[in-house]
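Visitor: I would like to look at this structure and ask how its descriptions are justified.

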2 protein chains.
Amino acid sequence: MNNNPVGVFDSGVGGVTVVKAIQEELPREHLIYFGDTARFPYGPRPLDEVKKYVFEICEYLIGQDVKLIVIACNTGTAAGLKDAQKNFNVPILGVIEPGARGAVLATKNRKIGVIGTKGTIESHAYDEAIHALDAGVEVKSGACPRFVDFAEGRGGQDGDILEVAQEYLYPLLDAGIDTLILGCTHYPILRDVIQQTVGSSVTLISSADETALEVKETLVRRGLLNDGKNHPHDKFIVTGDRTSFLTLSQSFLGRDISKVEEAV
Amino acid sequence: MNNNPVGVFDSGVGGVTVVKAIQEELPREHLIYFGDTARFPYGPRPLDEVKKYVFEICEYLIGQDVKLIVIACNTGTAAGLKDAQKNFNVPILGVIEPGARGAVLATKNRKIGVIGTKGTIESHAYDEAIHALDAGVEVKSGACPRFVDFAEGRGGQDGDILEVAQEYLYPLLDAGIDTLILGCTHYPILRDVIQQTVGSSVTLISSADETALEVKETLVRRGLLNDGKNHPHDKFIVTGDRTSFLTLSQSFLGRDISKVEEAV
């Protein structure tokens, strides 16, 4: 048993979908979410710079006595996961390997689609993680740059999202995929429209859900679960504007957040 | 639901520990075990030759309509898993990745020991699989060439095994490991003496058990479990002498096998 909190971070609000998934799997755990909103988005920045941010935030979270860290950000995972694992003495999980694993377990025809930001898709990190588990899987990936805006409510009319989704997803369907990885922490917000577009025969794999399962398995097997004697309490910290994070994160989390703190 | 059998193979009798673990996790599944005893051991053979054997046996098992194949052999996994996955259209699992995953989930101090045959240890396949999941884990590995003889009852007096185990395992303890992967399908037979030697504070990870969990998760998530309407029936096929396999496999399986067939 270990009652220290689990730390989760992202460049913005997207990682809140991972917080939600962890709360569902592990309702007794205390969580600390760190949203580096002042430097959002990480995608266009040089990987070395992103790695520096990953290290800074890991240090901050370790200062808060977290027992495990989740880099709930695909760019952050690609840029900094391995070096952070080497550098820090707490378990650190990314979102890419769990998502890849969930898809490899689920696919029947061994044709997996991956959608994500341009940076994530161009890094080929999902392709590598999938092929490490099953070298015979065909991967078809596509960047969906406009999805983040739609997830944050800036995308335009409701009709537009359907058109955009079709434009992004039909080429993946043409490739015969039976499983689709939502390879960006924002995408679970768009789950319904994505499922409607690809049809019910395609299994959607949420990296957020798969990462929550991995967090659970890690805490269970290491004997690090919270004993549940105290009501779980969550803490949200941002580097940028607190008000806009508060509004958005509530829609991502599906419930109220009482307070957002500013990082000092 | 899918009532086709699960295929499991090894160069000899060692993989029967994987059969036992699968029977415990999935008691409704039909199993086919293929022991390539005429060509045992694979360890000293060139990897290309072993890969050819892996392909031959996969073809044979697919001819028996298996729904999933387990390469229950570390050398076979290192030599042929990736190419077999690319070449055949059924899911194929090895024993290395599941063992590595189990250890990474379990370790608290992130120092993992690996024991196996000389070939497995020199291939560094476990080191790679562990570091793909947690780049910060320290791996200390050691070849234990005499353990296979002891597992098959040819090792010598009971006293000898304790001395041999100490010689192999004390250097790993000196490196501070808290988790030890039994990286050879023979080693679960020696579990008690290994646990006694390393002490109760070291967690033993059996690749056989972890692989059985992976088989279960794959069948569950793909909807391929047996419906359980028929009593499970297992089939054992060997390329070499049937009588010696029968005797040995019963001690590995912990129960009687009614019949061993010869491969044609």
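Visitor: Why is A:His124 called partly exposed?

Guide: A:His124 has a relative accessible area of 43%. Buried means under 20% relative accessible area and exposed over 50%, with partly exposed in between (1.4 Å probe, protein chains only). The value of 43% lies in between, so A:His124 is called partly exposed. This is a predicted model, in which local features need pLDDT of at least 70 and side-chain atom pairs count only at pLDDT 80 or more, while totals for chains, interfaces and linings use all residues. Residues are numbered from 1 along each chain as its sequence is written, chains are lettered from A and ligands numbered from 1 in the order in which they are written, and side-chain values use heavy atoms, with hydrogens and water left out.

Visitor: What is the phi of A:His124, and where does the residue lie?

Guide: Its phi is positive, about 55°, although A:His124 is not a glycine. A:His124 lies in the loop between α5 (118-123) and α6 (125-133) of chain A. Such helices (H or I, at least four residues) and strands (E, at least two) are DSSP runs, numbered from the N terminus.

Visitor: What makes A:Asp65 partly exposed?

Guide: The relative accessible area of A:Asp65 is 49%. That falls between the two limits, so A:Asp65 is partly exposed. A:Asp65 also has a positive phi, about 60°, without being a glycine, and is found in the loop between α2 and β3 (68-71) of chain A.

Visitor: How do you know that A:Arg191 and A:Asp209 meet in a salt bridge?

Guide: Their side chains are 3.9 Å apart, N to O. A salt bridge is a side-chain nitrogen of Lys or Arg within 4 Å of a carboxyl oxygen of Asp or Glu. The pair A:Arg191 and A:Asp209 is therefore a salt bridge. The rule finds 1 salt bridge across the interface of domain 1 and domain 2 of chain A.

Visitor: Which parts of chain A are these domains, and how many residues are in contact?

Guide: Domain 1 is 6-94 + 209-262 and domain 2 is 96-207; such bounds come from an automatic or database domain assignment. In chain A, 21 residues of domain 1 are in contact (heavy atoms within 4.5 Å) with 22 residues of domain 2.

Visitor: Which peptide bond of chain A is cis?

Guide: A cis peptide bond joins A:Phe40 and A:Pro41, with omega about -10°. A:Pro41 lies in the loop between β2 (31-35) and α2 (47-63) of chain A.
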